[in-house]
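Student: I've just opened this one and don't know my way around yet. Could you walk me through it?

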Amino acid sequence: MMDAARIQKATILGAGTMGNGIAQVCAQAGMDSVLFDVSGEALARGLESIESMLQKAVEKGKKTSEQADTALGHIRPSSDLADAVNETDLVIEAVPEDLDLKKTVFAQIEEMVSPSTLLATNTSSLSIDAIGASLVSPERFLGMHFFNPVPVMALLEVVRGDKTGSQWLDLAVAIGVRLGKEPIVVRNSPGFASSRLGIAFAIEAIRMIEEEVASPEDIDQAMVLGYRHPMGPLRLTDLVGLDVRLGISEYLASTLGERFQPPALLRRMVEEGKLGQKSGEGFYRWDS
């Protein structure tokens with residue numbers, strides 16, 4: 001069985017915010033990273049985002065120009081799935097949070113990769129066992145849930161499915177350490193640990209807005225100053241995306257019960273297109 005040091009090539013499926021961030025940290029760890037997306041425009045935006053993040057790191061003195069250039073040299077875009085996964089040691093899927101889409105992706109790539117390739121999904125809430133239900137070798141499948149922005153956030157949530165083999169779990173944890181993350185291991189359960197707790201904070205904060213308890217700024221300050229959270233739940237919701245929060249909340253409500261039912265305000269804001277930073281407005285206004 002491979003150890004983390006022997007992983008030479010990583011394939012990241014999906015060039016969105018999470019995907020390009022994962023590709024960046026893999027490249028920074030010395031892996032040849034293939035960033036795959038069916039959309040050429042998405043690939044271009046993903047590469048621009050990586051270049052921007054690396055440039056900011058250089059400006060802040062966290063990386064040298066040489067280190068940034070070396071990382072970029074390890075990243076290759078591809079819109080050909082067979083090419084992207086050819087001879088890869090690690091696949092991390094970061095496509096949209098749609099169960100059928102994720103199942104289809106893994107059914108396709110399982111036939112294309114070596115038996116020694118670790119298969120991981122970056123899902124933040126969907127069942128690992130449901131995604132991997134149709135896999136021939138589900139023992140090498142698990143969750144590797146990164147956090148946004150990936151190059152900055154230290155946490156990696158490694159999610160063990162019912163059929164995940166212990167050696168594959170150990171490998172995923174070792175990869176996380178190699179990527180500079182601090183892995184935690186959780187059992188496959190709705191929302192895992194992080195999304196479940198994060199949604200609980202966010203839902204209650206949104207209900208407080210509905211009830212006019214305080215302004216978004218003051219609710220966030222309560223958590224930042226009173227509980228030492230680096231960011232309040234409403235600002236974080238804007239960064240994550242209100243539509244993403246809504247989807248996770250609906251899923252948790254269907255699996256864990258009424259306490260995760262989305263507030264009416266959250267539904268209304270999503271219907272109005274107020275999705276947070278990506279739309280320019282959520283609980284805060286964001287510069288375009």
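**A first tour**

Tutor: Sure, and keep in mind that this is a predicted model. Let's start in the loop between β6 (141-145) and β7 (155-160), where proline 149 lies.

Student: What kind of peptide bond joins asparagine 148 and proline 149, and what is omega about?

Tutor: We're still in the loop between β6 and β7, home of proline 149. Asparagine 148 and proline 149 are joined by a cis peptide bond, with omega at about -5°.

Student: Next one: is threonine 117 buried or exposed?

Tutor: Find the loop between α5 (99-110) and β5 (118-121), since threonine 117 is located there. Buried means under 20% relative accessible area. Threonine 117 has a relative accessible area of 0%, so the word is buried.

Student: Which backbone oxygen does the side chain of threonine 117 reach?

Tutor: Look at what surrounds this residue, setting aside neighbours within four places in sequence: threonine 117 is in contact with Thr88, Asp89, Leu90, Val91, Arg140 and Trp168. One of these contacts involves the side chain of threonine 117, which at 2.8 Å reaches the backbone oxygen of threonine 88.

Student: How many residues does the largest nonpolar core have?

Tutor: In soluble globular proteins, nonpolar side chains tend to be buried together. Here, Ile22, Leu90, Leu118, Leu142, Met144, Phe146 and Ile175 have the most contacts inside the largest core. Leucine 118, for one, touches Leu90, Leu142, Met144 and Ile175, among others, not counting residues up to four places away in sequence. The size of that largest core is 36 residues.

Student: And how many residues are in the other core that lies apart from it?

Tutor: Look for Val113, Leu126, Ile128 and Phe141, which are among its members. This other core has 21 residues.

Student: On to helices. How are α8 and α12 oriented to each other?

Tutor: Two packed helices are described by the angle between their axes and the distance between the axes. For helix α8 (residues 194-210) and helix α12 (residues 264-271), the axes come within 8 Å and cross at roughly 90°. Angles of 65 to 115 degrees count as roughly perpendicular. So α8 and α12 are roughly perpendicular.

Student: Which residues in α12 do Ile206, Ile209 and Glu210 in α8 meet?

Tutor: By class, this contact of α8 with α12 has 5 nonpolar, no polar and 1 charged residues. On the α12 side, the residues met by Ile206, Ile209 and Glu210 are Ala264, Leu265 and Leu266.

Student: What is the separation between the C-alpha atoms of methionine 208 and isoleucine 219?

Tutor: Methionine 208 is in helix α8, and at 26% relative accessibility it counts as partly exposed. Not counting residues up to four places away in sequence, methionine 208 touches Val213, Ala214 and Ile219. Methionine 208 and isoleucine 219 are 11 residues apart along the chain, and their C-alpha atoms are separated by 8.3 Å.

Student: Is phenylalanine 192 buried or exposed?

Tutor: Phenylalanine 192 is in the loop between β8 (182-187) and α8. Its phi is positive, about 50°, although it is not a glycine. With a relative accessibility of 6%, phenylalanine 192 counts as buried.

Student: Last one: is arginine 228 buried or exposed?

Tutor: Go to the loop between α9 and α10, where arginine 228 lies. Arginine 228 is not a glycine, yet it has a positive phi of about 60°. Its relative accessible area is 78%, so arginine 228 is exposed.

Terms used
Residues numbered from 1 in each chain as written. Predicted model: local features only at pLDDT ≥ 70, side-chain atom pairs only at ≥ 80, totals over all residues. Heavy atoms only, no water. Axes fitted to C-alpha atoms, helices over the stretch in contact; angles between N-to-C directions. Helix = DSSP H or I, 4+ residues; strand = E, 2+ residues; numbered from the N terminus. Parallel < 35°, antiparallel > 145°, perpendicular 65-115°, else oblique. Contact = heavy atoms within 4.5 Å. Nonpolar A, V, L, I, M, F, W, Y, C, P; charged D, E, K, R; others polar. Buried < 20%, exposed > 50% of the residue type's maximum accessible area, 1.4 Å probe, protein only. Polar contact = N/O pair within 3.5 Å; in protein donor to acceptor, adjacent residues only side chain to side chain. Core = buried A, V, L, I, M, F, W, Y, C linked by side-chain atoms within 4.5 Å.
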